[in-house]
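User: I am new to this structure and would like a guided tour. Please show me how to read it, feature by feature.

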Amino acid sequence: MTPVRGSALERADLLGDPVDVAPWLLNKILVRGDRAGRIVEVEAYRGESDAASHAFRGLRPRNAVMYGPPGHLYVYFTYGMHWCANVVCWPEGRAGAVLIRALSPLEGLGAMRAVRPAARRDRDLCNGPAKLCQALGITKDDDGVDLLAPLRRRRGRDTVGATASVPIRLIDDRTPPPARPGRGTRIGISVATEVPWRFWVRGDESVSR
DNA sequence: CTTTGGATCGTCT
DNA sequence: GACGATCCAAAGG
């Protein structure tokens, strides 16, 4: 399998409103060691002005990363068993993030299948925010990592086990975002359910149900 | 295919 | 003490 190639994103591209950054992130690639997937579904969370955001009630230990510089990963734990990952937006001091809801698996499918035995088909490996974290081994340990940091020389093999030391990066392989992405309301929330801040790549089979 | 309910624990009230 | 930015297995059509 040929490794994905691409350049790091510009941090300036993530300085904006999550509602603008979210569709722009579609078709970018999330890489962890030998595993990689193309972003095909996202949701924008606008921080203190968004009742559905974890930052709606201000700075807390859990959401502190969202108040940091853009381009870092905000990871949270939910439902007593799941991890979910966001790309931090807006300048330092202002909370905002884009939840990554689904990836189209590109590389390391074998490792993903090994960690996700519940996935019957490959399209089920990363078609949900907690599923993709499981597939890439994203946990609390990855909260706050810089997705745009230059990649150092490969430290070791990406084994199915410990992923904590394996870097996570966001890269651009020059596949542009869709000119006309799917757009609709966000999923799984009980407030601010009417705003259309969910975006996806139309027709991609890994978009969540 | 769709619907339903259980699992499970950190965070905030 | 309640409730999640969810997933999955089981049951029903």
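User: Let us begin with a single residue. Where is the place of Ala55?

Analyst: This is a predicted model, so keep that in mind throughout. Ala55 sits in the loop between E3 and E4.

User: Is Ala55 buried or exposed?

Analyst: To decide, look at relative accessibility; under 20% means buried. Ala55 comes out at 0%, so Ala55 counts as buried.

User: Which residues does Ala55 touch, not counting those up to four places away in sequence?

Analyst: Ala55 touches Gly47, Glu48, Asn63, Met66, Tyr67 and Ala95, with residues up to four places away left out. Look at Arg94 too. Ala55 and Arg94 are 39 residues apart in sequence, and their C-alpha atoms are 9.6 Å apart in space.

User: Now a charged residue. Where does Glu41 lie, and is it buried or exposed?

Analyst: Glu41 belongs to strand E3. Its relative accessibility is 0%, so Glu41 counts as buried.

User: What does the side chain of Glu41 reach?

Analyst: Look for polar contacts, pairs of N or O atoms within 3.5 Å. The side chain of Glu41 reaches the backbone nitrogen of Ser208 at 2.7 Å. A polar contact of 2.7 Å also joins the side chains of Glu41 and Arg198. Beyond four places in sequence, the residues that Glu41 touches include Leu26, Leu99, Ile187, Phe199 and Trp200.

User: And where does Ser208 lie?

Analyst: Ser208 is in the segment after strand E9 (198-200). With a relative accessible area of 11%, Ser208 is buried. Not counting residues up to four places away in sequence, Ser208 touches Glu41, Arg101, Ala102, Asn127, Ile187 and Arg198.

User: How do I read the nonpolar core?

Analyst: Start with the general idea. In soluble globular proteins, nonpolar side chains tend to be buried together. Here the largest nonpolar core has 41 residues. Leu25, Leu30, Leu103, Ile138, Leu147 and Leu170 touch the most other members. Apart from this core lies another, of 15 residues, including Ala52, Val88, Ala95 and Ala192.

User: Which residues is Ile138 in contact with, leaving aside its neighbours within four places in sequence?

Analyst: Ile138 is in contact with Leu30, Arg32, Leu73, Val75, Trp83, Ala85, Cys133 and Ile168, once those neighbours are left aside.

User: Next, a helix. How many residues of H3 are buried?

Analyst: Count the residues that are covered. In H3, six of eight are buried, so H3 is mostly covered. The six are Pro129, Ala130, Leu132, Cys133, Ala135 and Leu136. These buried residues pack against strand E2 (29-32), strand E3 (35-45), E5, E6 and helix H2 (109-115). Just after H3, Gly137 takes a positive phi of about 70 degrees.

User: How many disulfides does a search of the whole structure find?

Analyst: The test is distance between cysteine sulfur atoms. The search finds zero disulfides.

User: Why is Cys84 too far for a bond with Cys133?

Analyst: A disulfide needs the sulfur atoms within 2.5 Å. The sulfur of Cys84 is 5.8 Å from that of Cys133, its closest cysteine sulfur, so this is too far for a bond. Cys126 is in no disulfide either; its nearest cysteine sulfur, in Cys133, is 9.6 Å away. Cys84 is buried at 4% relative accessibility, and Cys126 is buried at 0%.

User: Now the DNA. How many residues surround DNA strand C?

Analyst: First find the residues around the strand, then the parts of the DNA they meet. DNA strand C is surrounded by 23 residues, the closest being His54, Tyr76, His82, Asn86 and Arg116. Of the atoms of strand C within 4 Å of the protein, sugar and phosphate account for 56%. By class, the surface near strand C has 12 nonpolar, eight polar and three charged residues.

User: Which atoms of DNA strand C lie at short listed distances from Ala52, Arg101 and Lys131?

Analyst: A base nitrogen is 3.3 Å from a polar backbone atom of Ala52. A phosphate oxygen is 3.2 Å from an N or O atom in the side chain of Arg101. Lys131 has a backbone N or O atom 3.1 Å from a phosphate oxygen. Strand E4 (73-78), strand E5 (82-88), strand E6 (97-107) and helix H3 (129-136) each give two or more residues to this surface.

User: Which residues are around DNA strand B?

Analyst: They are Arg57, Arg60, Arg62, Phe77, Tyr79, Gly80 and Met81. Sugar and phosphate make up 65% of the strand B atoms within 4 Å of the protein. A backbone N or O atom of Tyr79 lies 2.6 Å from a base oxygen of strand B. A polar backbone atom of Gly80 is 3.4 Å from a sugar or linking oxygen.

Conventions:
Residues are numbered from 1 along each chain as its sequence is written. Chains are lettered from A and ligands numbered from 1 in the order in which they are written. This is a predicted model: local features need pLDDT of at least 70, side-chain atom pairs count only at pLDDT 80 or more; totals for chains, interfaces and linings use all residues. Side-chain values use heavy atoms; hydrogens and water are left out. A residue is near a molecule or strand if one of its heavy atoms lies within 4 Å of it. A polar contact is a pair of N or O atoms within 3.5 Å; within protein, one must be able to donate a hydrogen and the other to accept it, and residues adjacent in sequence count only if both atoms are side-chain atoms. Helices (H or I, at least four residues) and strands (E, at least two) are DSSP runs, numbered from the N terminus. Ala, Val, Leu, Ile, Met, Phe, Trp, Tyr, Cys and Pro count as nonpolar, Asp, Glu, Lys and Arg as charged, and the others, Gly among them, as polar. A nonpolar core is a set of buried Ala, Val, Leu, Ile, Met, Phe, Trp, Tyr and Cys residues joined through side-chain atoms within 4.5 Å. Buried means under 20% relative accessible area, exposed over 50%, partly exposed in between (1.4 Å probe, protein chains only). Contact means heavy atoms within 4.5 Å.
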